[in-house]
Amino acid sequence: MVHRRKLPLPPFQVVPLPGPRVDALRVHDPDGAYEVPHDSYWGHADMNFVMHSHFTVPADWDASQIALHLPLGVLGDIFNHPESLVHIDHAPIASADRYHHTIPLYPKVADGKEHLISLHGWTGLAGWPPDPDAKAKLYMGRPALVERCPHTVAFLRLARAAFDTLGHLGLHTAEAPGLLDALDTAFQALDTRDPMGEAFYASMPEALRLLREGIEDAGAPMDVTLHGIGHAHMDIAYLWTVDQIRLKNARTYSNVLRLMDRDPEFLFSHSQPALYEMTARDYPALFERIKTRVAEGRWEVMGGMWVEPDLNISGGEALVRQLQLGRTYFQKTFGDVETPVLWLPDTFGFPGQIPQLMRQAGLDWFVTNKLNWNQINRVPWSSHVWEGIDGSRVMAHILTTPREVQYLPFPTNYKSDLSAAEVMGTVTHATGDHRDDLPICYGYGDGGGGPTEDLLAKAHAYAAMPGMPRLKMSTVRASMEAIAAKKDNLPVWTGEHYMEGHRGVFTSQAWIKRANRKAEAALHEAEALAVMAGTAPNLTHAWKLLCLNQFHDIVTGTSIGAVYEDSKRDFHAIFSAAEDAAQVAAKALSGPEPVVLNTSPTTGLRVVESDDVSDAPGQVTETGMLHWMPDLPAYSATPLSAATLPDHPARAHQRDGYVVLENEALRLEILPNGQIASIIDRATGREVLAQGKLGNQLQVFEDRPICWDAWDIDPHIEDRQDLIDSSTEIDIVEPGPIRVAVRVTHRWRQSTVSQTIRLTAGSRRIDFDTVADWHETHTLLKAAFPVAIAAPKALFDIQWGVIERATSRDTAFDAARFEVPAQKWAQVSDGSRAVALLNDCKYGYDIHRNMVRLTLIKCATSPDPKADQGEHRFTYALLPYDAHARSVLDHAAYDLNLPLRVTQPRREADLPETTPFVACVTAGVIIETLVPLEDRTGYDIRLFEARGASQSARLEFAHAPAAIGATDLLGRPANKPIAQDGNSVVFDVAPFEIVTLRVRT
């Protein structure tokens, strides 16, 4: 009906491609081409392709109304696929996809000449969840060159919006009679006599006029403003690889730019600087057009971070780099135009230090959607003030546009189809009292796509639709400014924003959790050593790769297997770059004998592991030697010859069927099955474990979430539990005097778990060094320790601070937190005693009353059927200690996560100083990061107050700074007095405050 005339295209010639490539149009092999007739099946799931056809515009067609109609088919996934970038004579113009079937052409092609059509695309996957064995094909319709009737297009779109409004409001509302009259009058004006032809099209302008006038007379819209934000949510990787998103960038952005050419009121908002950088590299001409629209104010750049990352798994410094990379890129590329919002619509939970990080990065507003995916408790206010654990405040908004999601009670979305139900629902689903101004994001997304002509028409229709909210094309900035105008009256949410769902993401794809933690540690070491050595490596690319892989569908373990093959290559590059930089610095710090390089912020007992047998006193092991350094300074270079042997050696012996490991602090009794029968704290003489209970229980649970396999752990996880409690081998493998260890090997079902349980002289930390060869599916593995402390709250390590959570499940909010995120440790305490469970690469904990558990493996089968199969390596540790000595916990956690480095001797080198390069002598203030400045004039120190108390912090430097001052996270001067006295500086820190000091040398 909307096509006045139609000219079928010649059948497409399709060339399958081996993979996603930006340059596919130039390098594909035409010898593999085959023809796809109209009305026939073609292709298959996960097929990259190029296809060609051609057209000539008839001379008597209206050049302003010509378009391509490209019905490529659908495989059945829930996204935008199949999708392809449409080229006319090798120039990209738009995307043809599931929702963009009709592509308007520019009038210049109506020149009587033959024009080449090339489509470069991907079919997507089949079904949801995706079926890797799908045999489905796509059905090619009847591609054609068409001449559209603009009045008919406009009439149908407006009529559909009016019908949709009537259907939603109902026939008994005040607006219904007027809307019915408007539709009836308009349709009666149409000449629909057979055969429908020119008379029909001639009657359309009058019918359209009557419809518009009738709708205007039917009533007024609501006194509520919806800010219509054109958007395309782009998952950098998920059910597609990063290489595919590079192609999706061009498809989505070409659509947006085409729509901007045709509709001067259309505005578009887009996040993630990483995507812009890809586009600038892959499609430079397209990127220049984006820059033009940004300069005009029609394309809003926003987001705040390099990508939209997971915030619970990413470490503290990584979150800082997300902000630095993101904000700096936008400023350098587009000028000072970025909207100051942290835009994370699809991220799975938000730690309590995010408001402070936002404030220090110049971000004022926070927006998400995912908190409306909570399974039990609804956030009581869609718009509110979010207060972090340090007291920093930002304005927060949770998107309110409803969209049904299976098994969820009040889900919303960030990709509205602008149906009447979603437009009205944006208002009715808002919680709290502030509903006058609300954002509604429209445009197809997850895999990109963005707005369509139909969506823009709906947006215009709802600008003044009777009985409906008044929708105006807007931006994130405008919508947040409107809400912020009422900020003084907004309620306050304090602490973390925990998402009640997707709890499995703390554990899924365990290899990437380990790679992430180790990469963060490697980059920390490389930068700290560079500062200590005076070198200046460029690790920007490595940080970009790490931040990219912290995207909320990659590091979470919720992508297809191909994504992780790419991630493994990325992490190899990160480790290589970090190691190269560390070796350069280490050489500069080496001496005539082996030197121990420590980049931990804490001073204390460290055990040095070296591959070679050394003259320094130590203990020979299976892999080399151990050296005991009882007081190794923070951020230091210390000769290995400073090592000694402990006055009170660790001992191991067998007794009455169990093994005893002991040192001056602890005595352990280990059963043949690897469980701990007793841990005596020698300082108090008291048992650490609960009476009659065993520690180090390897508990396994059947893990079959109702949906979202890799994402979720459901509340019924406890229903089917088993125990790995039979060992085939137990041996004492390290007899002391520095460290004692026993190795236990289990065989359970199809898997093997080997644990080396270690205790070091002078240490309170019991390590469980674990290697698993895992071949189970839908099985969750946890390490459990019932302890002799039943505290109402537990303390959890998070980025740049700690957070308390209840250990009971007596309220709905606490019951929902049956699996929670943490960084390096979680602990319970009764005020005098404390027990912490530490880890070197895990993120999921649960503490219920006196049971402390760490989640180790979750082996889902969707979206990656091979997830978590094979080798796992991790270490967790139990630490009983005096609750008044939190520095013991700090040191144990950094010791576990930041390995030492031993240099090779250089005869010509001088022996290094053993004093710390820089140290904080104030307990509870931790120097987290040393970062060399790119201009080689000094370095940044980033530290934080870790106890939740106001303190006066004192730093001691090996060499007095030439100048020192405080900055925010972006290097801008901060209003914080710093008093310097030679090699010392003193300044005040507030509870949980993050401080960056710029040191000039």
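**Close-up 1. An open antiparallel sheet of four strands.** In this predicted model, the strand order is β49-β52-β55-β54. The pairing is antiparallel. β49 (918-920) and β54 (979-981) are the edge strands, and each pairs on one side only. On average, neighbouring strands of the sheet are turned by 20° against each other, direction ignored. Strands of a sheet pair through backbone hydrogen bonds, either parallel or antiparallel.

**Close-up 2. The pairing of β52 with β55.** Strand β52 covers residues 951-957, and strand β55 covers residues 984-989. Six bridges join the two strands in the antiparallel sense. Which residue of β55 is the bridge partner of Q951? The partner is V989. V989 also appears among the residues that L943 touches.

**Close-up 3. The largest nonpolar core.** This core has 182 residues. Those with the most contacts inside it are F155, W299, I941, L943 and L955. Helix α13 (residues 510-533) supplies the largest share of the core, eleven residues. Another core lies apart from it and has 59 residues. Among the residues of that other core are Y498, W628, V688 and Y845.

**Close-up 4. The surroundings of L943.** Residues up to four places away in sequence are not counted here. L943 touches W800, V925, I926 and I927, among others. Its contacts also include E928, L955, F987 and V989. E993, I994, V995 and L997 are touched by L943 as well. Both L943 and L955 are listed among the residues with the most contacts inside the largest nonpolar core.

**Close-up 5. The salt bridge of D454 with R157.** The closest N and O atoms are 2.5 Å apart. D454 lies in helix α11 (residues 453-461) and R157 in helix α2 (residues 150-169), so the salt bridge ties together parts that are 297 residues apart in sequence. D454 is partly exposed, at a relative accessible area of 37%. The count for the model comes to 71 salt bridges.

**Close-up 6. The salt bridge of K858 with D703.** The N to O distance is 2.5 Å. K858 sits in strand β46 (residues 851-858). D703 sits in the loop between β33 (697-702) and β34 (721-724). The pair links distant parts of the chain, 155 residues apart. Are the two residues buried or exposed? K858 has 0% relative accessibility and counts as buried. D703 has 1% and is buried too; the cut-off for buried is under 20%.

**Close-up 7. The salt bridge of R193 with D191.** The side chains meet at 2.6 Å, N to O. R193 counts as exposed, at 61% relative accessibility. D191, at 17%, counts as buried.

**Close-up 8. A network of salt bridges.** Which residues are linked in the network? They are E718, K782, R809, E819, D846 and R853.

**Close-up 9. H115 and its polar contacts.** H115 is in strand β10 (residues 115-122). At 6% relative accessibility, H115 is buried. Its side chain makes a polar contact with the side chain of D89, at 2.7 Å. A polar atom of the H115 side chain lies 3.1 Å from the backbone oxygen of V109. Not counting residues up to four places away in sequence, H115 touches S53, H54, F55, I88, D89 and V109.

How values were computed:
Residues numbered from 1 in each chain as written. Predicted model: local features only at pLDDT ≥ 70, side-chain atom pairs only at ≥ 80, totals over all residues. Heavy atoms only, no water. Salt bridge = Lys/Arg side-chain N within 4 Å of Asp/Glu carboxyl O. Buried < 20%, exposed > 50% of the residue type's maximum accessible area, 1.4 Å probe, protein only. Core = buried A, V, L, I, M, F, W, Y, C linked by side-chain atoms within 4.5 Å. Contact = heavy atoms within 4.5 Å. Polar contact = N/O pair within 3.5 Å; in protein donor to acceptor, adjacent residues only side chain to side chain. Pairing = 2+ DSSP bridges. Axes fitted to C-alpha atoms, helices over the stretch in contact; angles between N-to-C directions.
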